Amino acid sequence: MQSNEAPVSMEVEAVPSEPSSAAAALPPKPIFEPLKAHEMSDGRVQFRKVSVPPHRYSPLKKVWMDIYTPVYEQMKIDIRMNLKGRKVELKTRADTPDVSNLQKCSDFVQAFMLGFDVIDAIALLRMDELYVESFEIKDVKTLRGEHLSRAIGRLSGKGGKTKFAIENATKTRIVIADTKIHILGSFANIKVARDSLCSLILGSPAGKVYSKLRAVTARLAERF
């Protein structure tokens with residue numbers, strides 16, 4: 001059976017809103033200054049140590065002031081050379097503005113130890129999107145004897161021509177230390193440079209790598 005009664009509408013009682021004076025009576029929000037580097041670690045000093053290879057000891061002595069000045073004065077990080085342990089030691093100070101400065105300085109010193117010039121490595125202190133990537137020739141292809149020597153020759157080119165061409169096209173810096181290769185640059189540029197170097201290791205002629213490099217860098221330029 002269907003009932004003929006009309007549906008009863010639900011009445012909602014209006015609740016009076018609280019006066020805005022209550023919100024105005026709240027205390028103002030506190031404003032805290034950002035924590036300093038030594039305060040974030042409960043006052044403990046943070047350290048980093050970078051080993052100095054034997055072949056980089058003399059170059060380090062020549063450019064020590066070029067490394068010391070930006071680290072100590074600009075990044076506010078204490079730095080010293082431990083002659084007994086052959087290590088560069090870094091630590092935070094009470095006036096270090098950012099806790100990440102310690103890692104930046106460590107990466108800067110480590111890049112110099114890998115063979116990069118101070119002028120190139122100092123960009124790690126000024127820019128956040130730069131990295132250093134390292135790999136070996138045997139990671140790409142197992143080569144021995146004369147085959148390995150020819151691969152290293154293809155990477156450098158006559159008078160370093162091939163290496164300089166890849167550096168200029170990809171806006172990176174490359175260090176070829178025997179069978180190890182180190183690349184300094186942004187993530188996207190490192191990938192382009194690494195692909196070009198891997199092609200040379202696998203036996204591609206320099207001319208083919210140049211043409212492919214021009215096409216890739218043109219696409220990167222359009223994207224950015």
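## The sheet

In this predicted model, three strands form an open sheet in the order S1-S3-S2, and their pairing is antiparallel. Strand S1 (47-51) and strand S2 (77-82) stand at the edges with a single partner strand each, so one side of each has no neighbour in the sheet. From one strand to the next, the twist averages 20°. Strands of a sheet pair through backbone hydrogen bonds, and the pairing may be parallel or antiparallel.

The pairing of S2 with strand S3 (residues 87-92) is antiparallel and extends over six bridges. Within this region, Asn82 stands opposite Lys87 in S3.

## Helices across the sheet

Two helices may be described in relation to these strands. Helix H4 (residues 64-74) lies across S2 and S3, and its direction is at about 150° to S2. Helix H5 (residues 101-114) lies across S1, S2 and S3, and runs at about 5° to S1.

## Salt bridges at the strands

Side chains of opposite charge can pair when their charged atoms come close. A search of the whole structure finds nine salt bridges. One of them joins Asp78 and Arg93, whose closest N and O atoms are 3.8 Å apart. Asp78 belongs to strand S2, while Arg93 lies in the loop between S3 and H5, so this pair ties together parts that are 15 residues apart in sequence. Asp78 is partly exposed, having a relative accessible area of 23%. Arg93, by contrast, is buried, with a relative accessible area of 15%.

Glu89 and Arg80 also meet through their side chains in a salt bridge, with an N to O distance of 2.7 Å. The surroundings of these partners may be stated in turn. Glu89 is buried, since its relative accessible area is 12%, and the cut-off for a buried residue is under 20%. Arg80 has 52% relative accessibility and therefore counts as exposed, the cut-off for that class being over 50%.

## A salt bridge within helix H11

A further salt bridge is formed by the side chains of Lys191 and Asp195 (3.3 Å, N to O). These residues are four residues apart in helix H11, which means that about one helical turn separates Lys191 from Asp195. Lys191 is partly exposed, with a relative accessible area of 43%. Asp195 also counts as partly exposed, at 33% relative accessibility. Elsewhere, Asp78, Arg93 and Asp95 are joined into one network by salt bridges that share partners.

## Helix H12 and its two faces

Helix H12 (residues 206-223) contains 18 residues, and at 1.5 Å a residue it should span 26 Å. The C-alpha atoms at its ends are 26 Å apart, which agrees with that expectation.

Which residues of H12 are buried? They are Val209, Tyr210, Leu213, Val216, Thr217 and Leu220. When H12 is seen down its axis, the buried residues fall within an arc of 135°, so they line one face of the helix. These buried residues pack against helix H10 (161-170) and helix H11 (187-201). The face of H12 turned away from the buried side carries the exposed residues Lys208, Lys212, Arg214, Arg219 and Glu222.

Definitions and conventions:
Residues are numbered from 1 along each chain as its sequence is written. This is a predicted model: local features need pLDDT of at least 70, side-chain atom pairs count only at pLDDT 80 or more; totals for chains, interfaces and linings use all residues. Side-chain values use heavy atoms; hydrogens and water are left out. The expected span of a helix is 1.5 Å times one less than its number of residues. Buried means under 20% relative accessible area, exposed over 50%, partly exposed in between (1.4 Å probe, protein chains only). The arc is that of the directions from the helix axis to the C-beta atoms. Contact means heavy atoms within 4.5 Å. Two strands pair if DSSP finds at least two bridges between them. Axes are lines fitted to C-alpha atoms, for helices over the stretch in contact, and angles run from 0 to 180 degrees between N-to-C directions. A salt bridge is a side-chain nitrogen of Lys or Arg within 4 Å of a carboxyl oxygen of Asp or Glu.
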